[in-house]
Amino acid sequence: MAANRRQIIFAAAAWCVMGRIKNLMAAQTGGFRVPAEDAPHQRTFMQWPVSRAVYNDRGFLAVIQSTIANIANAISAFEPVTLLADKKHHKAARTQLSSDVELCNIPTEDLWCRDSGPIFMTNAAGDIAISHIQFNGWGARQVHTHDAQIAARLAQRLGIPIFDTGLIGEGGAVEQDGYGTLLAHASSWVNDNRNPGLSRAQIEQQLKAAYGAKRVIWAEGLAGQDITDYHIDSLARFTAPGRVLMNLPYAPDLSDPFHAAAVQTHDALINAGLDVEVIPEPQIRRVSSIDFLASYANYYICNGAVIAAQFGDEETDARAHAALKKHYPDREIVALNVDALGECGGGIHCATQQMPAV
């Protein structure tokens, strides 16, 4: 019965709006916007990592796949999950997945569905569409033959419109409250490796149109130090309009460029009038690499739960859990060991993409 229900939900989405519309002006005219992540979902989309060009260590690839399966299984206890993967990988993936996780035959290279997956918009009439920000492998830094086509292929499969934003970038480079305000690091957008020739003002206008938003709060971020040019979703997250939960180093060292950029972002959000609560990064971690991303802010909100990371530091894990429970009192907080994602510079939010209910 559960499988039938998932199929019905997925099929229903395909009949919401037929055809493809490429003009973003049509989205604005139609009253489309991207809902807040904590609004009800139809399902979660994820991607199965398989590329040996990305993961040349077969053993580590197996660990990454196991981590993605664990996240998908955890979310599937609360809402339907669709995992995108080439058909030839379905048999191997299925051995690690709950029966509540659906497999969909769309080829992938990597796992970062927040960046290469679809950004869904809805309107008051109950229509759904995709706002398409073209993924280019974080500025052509990684193979993306299949990942660059995921959003378009899903739009075709679902039979829903896809609105061309004219932007190159990633969903993880924007944090949004669903009520008209966006947060972004300029380093991930005003960058010739994504949007050559476009000014910050031009990119801002296109971002507002892409999300159905009215305001962008910018911080400078940090270019060239990691593959994402410092995505905002690993640092600061809206928990309600005007309210932000932020991950900062326990004792920021301003000689460290990431620490300095994080503090600058914190100050920019305060100066913009936002209510910011800080969660400290863990001081004790299972992974000691300097490149390891230990972000409590990179959590995912699904129906009835928040799926979050724990890093093995009892004090900060508990503080993060308490903060999440305070901000999401009606949701279960599910903490997972996702260290393998942190070793790749990402987290749970980076690996997921919500399809809102209509």
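Hi everyone, this is a short talk on one sheet, the helix lying across it, and the cysteines of this structure. Please keep in mind that we are looking at a predicted model.

Let's start with the sheet. Four strands make it up, in the order β3-β2-β1-β16, and the sheet is open with mixed pairing. At the edges sit β3, residues 101-105, and β16, residues 353-356, each of them pairing on one side only. On average, neighbouring strands here are turned by 30° against each other, ignoring direction.

Now take a look at β1, which covers residues 41-47. Its pairing with β16 is antiparallel and runs over 4 bridges. If you'd like a residue to click on, try F45, whose bridge partner in β16 is Q353.

Next comes the helix. Which strands does α3 lie across? This helix, residues 58-76, lies across β1, β2 and β3, with β2 being residues 81-85. Relative to β1, α3 runs at about 175°.

On to the cysteines. How many disulfides does a search of the whole structure find? The count is 0. Let me walk you through two of the cysteines. For C113, the closest cysteine sulfur belongs to C104, and it is 11 Å away, so the two are too far apart for a bond; the cut-off for a disulfide is 2.5 Å between the sulfurs. C302 is in no disulfide either, and its nearest cysteine sulfur, the one in C113, is 15 Å away.

And are these two buried or exposed? C113 is buried, with a relative accessible area of 0%, and C302 is buried as well, at 1%.

That's my tour, thanks for listening!

How values were computed. Residues are numbered from 1 along each chain as its sequence is written. This is a predicted model: local features need pLDDT of at least 70, side-chain atom pairs count only at pLDDT 80 or more; totals for chains, interfaces and linings use all residues. Side-chain values use heavy atoms; hydrogens and water are left out. Two strands pair if DSSP finds at least two bridges between them. Helices (H or I, at least four residues) and strands (E, at least two) are DSSP runs, numbered from the N terminus. Axes are lines fitted to C-alpha atoms, for helices over the stretch in contact, and angles run from 0 to 180 degrees between N-to-C directions. Contact means heavy atoms within 4.5 Å. Buried means under 20% relative accessible area, exposed over 50%, partly exposed in between (1.4 Å probe, protein chains only).
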